[in-house]
Amino acid sequence: MADYDAIIIGGNTPALVTATYLAKDSDMKVAILERSQWIGGTAMTVEMKPGYKFSPAATGERGRQRGRRLLS
């Protein structure tokens, strides 16, 4: 297993910003752990219906979309 200087639990927007600053400005090796298949929290956009993209946070659809794989 790799060694990390920081481990961040959760891949929401503030966590991603924090990880970026730690990795870029402090030259730290950072791991982000997210239980969901998506990262970005409320800043993500998903195609919930063919041809239509939405923010799950704005539509209340996030819970219904858990089964869809958006990132490989």
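**Exercise 1. Describe the exposed surface of the protein and how much of the chain is buried.**

Step 1. The protein exposes about 5400 Å², of which carbon and sulfur atoms supply 53%; accessible areas come from the Shrake-Rupley method with a 1.4 Å probe, and for residues only the protein chains shown count as cover.

Step 2. This is a predicted model, in which local features need pLDDT of at least 70 and side-chain atom pairs count only at pLDDT 80 or more, while totals for chains, interfaces and linings use all residues. Residues are numbered from 1 along each chain as its sequence is written, and side-chain values use heavy atoms, with hydrogens and water left out.

Step 3. Of the 72 residues in the protein, 24% are buried, where buried means under 20% relative accessible area, exposed means over 50%, and partly exposed lies in between (1.4 Å probe, protein chains only).

**Exercise 2. Set out the secondary structure in order and find which strands pair.**

Step 1. The protein has two helices and four strands, and from the N terminus on they follow the order β-α-β-β-β-α; helices (H or I, at least four residues) and strands (E, at least two) are DSSP runs, numbered from the N terminus.

Step 2. Strands β1 and β2 pair in the parallel sense over four bridges, given that two strands pair if DSSP finds at least two bridges between them. Within this pairing I8 stands opposite I32 in β2, and I9 stands opposite L33 in β2.

Step 3. Together with α1, the strands β1 and β2 make a right-handed β-α-β unit; a crossover is right-handed if, with the strands pointing away from the viewer, the path from the first strand over the helix to the second runs clockwise.

Step 4. Strand β3 (residues 46-49) pairs with strand β4 (residues 52-54) in the antiparallel sense over three bridges, with E47 opposite K53 in β4. The hairpin of these strands has two residues between them, and G51 there takes a positive phi near 90 degrees.

**Exercise 3. Follow the side chains of β1 to the nonpolar surface patch.**

Step 1. Side chains alternate along β1, so that A6 and I8 point to one face and are buried, while I7 and I9 point to the other and are not.

Step 2. I7 and I9 join Y4 and L33 in a nonpolar surface patch of about 430 Å². Patches are made of residues with over 30% relative accessible area and no salt bridge (like charges are joined within 9 Å, nonpolar side chains, namely Val, Leu, Ile, Met, Phe, Trp and Tyr, within 5 Å), and a salt bridge is a side-chain nitrogen of Lys or Arg within 4 Å of a carboxyl oxygen of Asp or Glu.

Step 3. Y4 lies in the segment before β1 (6-9), and its relative accessible area of 38% makes Y4 partly exposed.

**Exercise 4. Locate T20 and D27 and state how accessible each is.**

Step 1. T20 belongs to helix α1 and counts as partly exposed at 47% relative accessibility. The C-alpha atoms of T20 and V30 are separated by 8.5 Å, with the two residues 10 apart along the chain.

Step 2. D27 sits in the loop between α1 (13-25) and β2 (30-33), where D27 counts as exposed at 68% relative accessibility. Phi of D27 is near 55 degrees, a positive value in a residue other than glycine.
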